[in-house]
Amino acid sequence: MKRTMPQSIALAVLACLLATSLQAGNNKQKKTAWNWMAANHSEAVTTSREVWENPELGELEYKSSEALAAYLERNGFTLERGVADMPTAWVATFSNGEGPSVGFLAEFDALPGLSQQAGNPVKTPLVEGGAGHGCGHSLLGVGSAYAALGVKAAMTKHNIPGSVKVFGTPAEETLVGKVYMVRDGVFDGLDIALGWHPGSANAVAYSSSLAMSSIKFRFFGRTAHGAGDPHNGRSALDAVELTDVGVNFMREHVIDKARIHYVISDGGGAPNVVPDRAEVWYFVRAPKTEQQRPILDWVREIARGAAIMTQTRMEEELLSSCYEFLPNDPLSRLLQENLEQVGAPEFSAGDWEFATELARSFDDPPEMLLDTTLGELKIVPPGQWGSTGGSVDDADVSWNVPYARLYTACAVKGGNSHSWHVVTCAGSEIGFKGMTTAARTLAGAGVEALLNEKLRKAAWEDLREKLDGRAYECGVPEGLLPPHSRAGQENYRAK
Ligand SMILES: [Zn+2]
């Protein structure tokens, strides 16, 4: 029906008024979440410190994952522990009856060798050679849980139906946790997922990442004396070297943007002993899964060929395999709007002083050491997505449920990531401030997602568009246990 001009103007005004009142309504509910969070801030900080003080490597995060699970449990969430065959993986749920479900992703694994005192601007390990939260995961998990508790407060007070969940996802650094959890259906039934990552700036993470597989090839030969009777030996190390040579020749014939790197994780013991076992560990990456998987298969064929050439036996061990990340436009906008409402973290004179001290150890410190600005969100079509350059395991979540994430300033700009620079910030004020900004943003977005059915529909529509007919097929086969559960606890990392 063709409407007259005044009618359409009236409708537009009405739509505008409705939108404003909906926003105002949402703001009331969001304020409840934020007020609760402000009143309960110290518990979040204490829990984050508890995780920080127990830096544990992927799949071994017993104390830190339990600290986080207990934080949610004592605040009214129901815990299901040990999901997807990982003792440190869990799902925490608060339900307020039938309705939509919003999930937050929580990480808590640390990195080896990064031990550092909190709040000390000079490199001083707490435990020589010990692990540390060099990726800020001590803030990440707690920030997500803190946001979920804020959402729960709003749901309870305003009787918002639905449920809010937190997913305790182990071993992000080895790209294991979320992939195995997705494969085992842990995220099924979720309407929206939100996450964040500690960084040194404040912005929505609107970019892709590389699809990747982590795989080990182990060769078994026959030992012999290197000089006395080498003719009796069959060298497993020869097989490793021929695999690497084959892969290096293959490089010319794969796309430029593929990234293939390896380390010889076991190369034998001594030159005068023909090694009867050797191992090479590969990361095989490409911008898209459909480009990456054929390259992986080629690498596997090369390893099989090397075993034939050397008369050795080869065993392959797939550790994990993840997709490339799919940004979600409506959810990215939702995070951006909420980030703008929350605002950037405010740093004290003491924080700035600390940043200046810490920056003395940087190669090239930037002018602005602490980010108090907000990045702009630039939505671009799929072909123009930037890439993090690395790979992330929440990419697999992004293929299965509409998902978006942000990062906030939890560390001093210009420092190295995955280093003691981050560890020292993550355990002190700067980190806690960034975490609070992220948690408030996530809580606001979570409340809105529960209230706004149109938004949830748009997010799913966007995901379908991004998938463009491609079906998700987990890169980790059915029934394969996560690396630690597979190998027993000690053995995998010792190799
Ligand atoms: Zn990380």
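Helix α6 (residues 236–250) lies across the strands β7, β8 and β9, and its direction makes about 20° with that of β9. This is a predicted model, so keep that in mind as you explore it. A second helix, α7 (residues 289–310), lies across β7, β8, β9 and β10, running at about 5° to β7.

**The four-stranded sheet**

What is the order of the strands that these helices lie across? The four strands form an open sheet in the order β8-β9-β7-β10, with antiparallel pairing. At the edges stand β8 and β10 (313–322), each with a single partner strand, so one side of each has no neighbour in the sheet. On average, neighbouring strands here are turned by 15° against each other, direction ignored.

Let us look at β9 in this sheet. Strand β7 (residues 211–220) pairs with β9 in the antiparallel sense over ten bridges. On the β8 side, seven bridges join strand β8 (residues 259–266) to β9, and these two also run antiparallel. You can find some of the facing residues in the structure with this table:

| Strand pair or partner strand | Residue | Residue opposite in β9 |
|---|---|---|
| β9 | S213 | V284 |
| β9 | V263 | W281 |
| β9 | R259 | R285 |

Is β9 mostly enclosed or open? Seven of the ten residues of strand β9 (residues 277–286) are buried, so the strand is largely enclosed by the rest of the structure. While you follow a strand, it helps to know that in a regular strand the side chains alternate between the two faces of the sheet.

**The seven-stranded sheet**

Another open sheet has seven strands in the order β1-β2-β4-β3-β5-β11-β6, and its pairing is mixed. Its edge strands are β1 (78–81) and β6 (203–204), each of which pairs on one side only. Within this sheet, β3 and β5 run parallel and are joined by three bridges. One bridge to look for has G103 as the partner of A193 in β5. Helix α12 (residues 429–451) packs on the sheet, where it touches β3, β4 (163–168), β5 and β11 (403–409). The direction of α12 makes about 165° with that of β5.

**The zinc site**

Strand β5 also leads us to a metal. Which residues coordinate the zinc ion? The donors are C135 through SG, H137 through NE2 and H197 through NE2, at 2.0 to 2.4 Å. Along the sequence, these donor residues follow the spacing C-x1-H-x59-H. C135 lies in the loop between β3 (101–106) and α4 (137–157), while H197 belongs to strand β5 (residues 192–199), so this pair ties together parts that are 62 residues apart in sequence.

Are C135 and H197 buried or exposed? C135 has a relative accessible area of 12%, which makes it buried, because the cut-off for buried is under 20%. H197, with a relative accessible area of 24%, is partly exposed.

**Two helices that cross**

Finally, turn to helix α8 (residues 329–342) and helix α13 (residues 453–467). Their axes come within 7 Å and cross at roughly 130°. That angle makes α8 oblique to α13. Where do they touch? D329, P330, L331 and L334 in α8 meet L455, A458, A459, D462 and K466 in α13. The residues of this contact divide into six nonpolar, no polar and three charged.

Notes
Residues are numbered from 1 along each chain as its sequence is written. This is a predicted model: local features need pLDDT of at least 70, side-chain atom pairs count only at pLDDT 80 or more; totals for chains, interfaces and linings use all residues. Side-chain values use heavy atoms; hydrogens and water are left out. Buried means under 20% relative accessible area, exposed over 50%, partly exposed in between (1.4 Å probe, protein chains only). Two strands pair if DSSP finds at least two bridges between them. Axes are lines fitted to C-alpha atoms, for helices over the stretch in contact, and angles run from 0 to 180 degrees between N-to-C directions. Angles under 35 degrees count as roughly parallel, over 145 as roughly antiparallel, 65 to 115 as roughly perpendicular and the rest as oblique. Contact means heavy atoms within 4.5 Å. Ala, Val, Leu, Ile, Met, Phe, Trp, Tyr, Cys and Pro count as nonpolar, Asp, Glu, Lys and Arg as charged, and the others, Gly among them, as polar. Donors are N, O and S atoms within 2.8 Å of the metal (3.2 Å for Na, K and Ca); water is not among the atoms, so sites may look incomplete.
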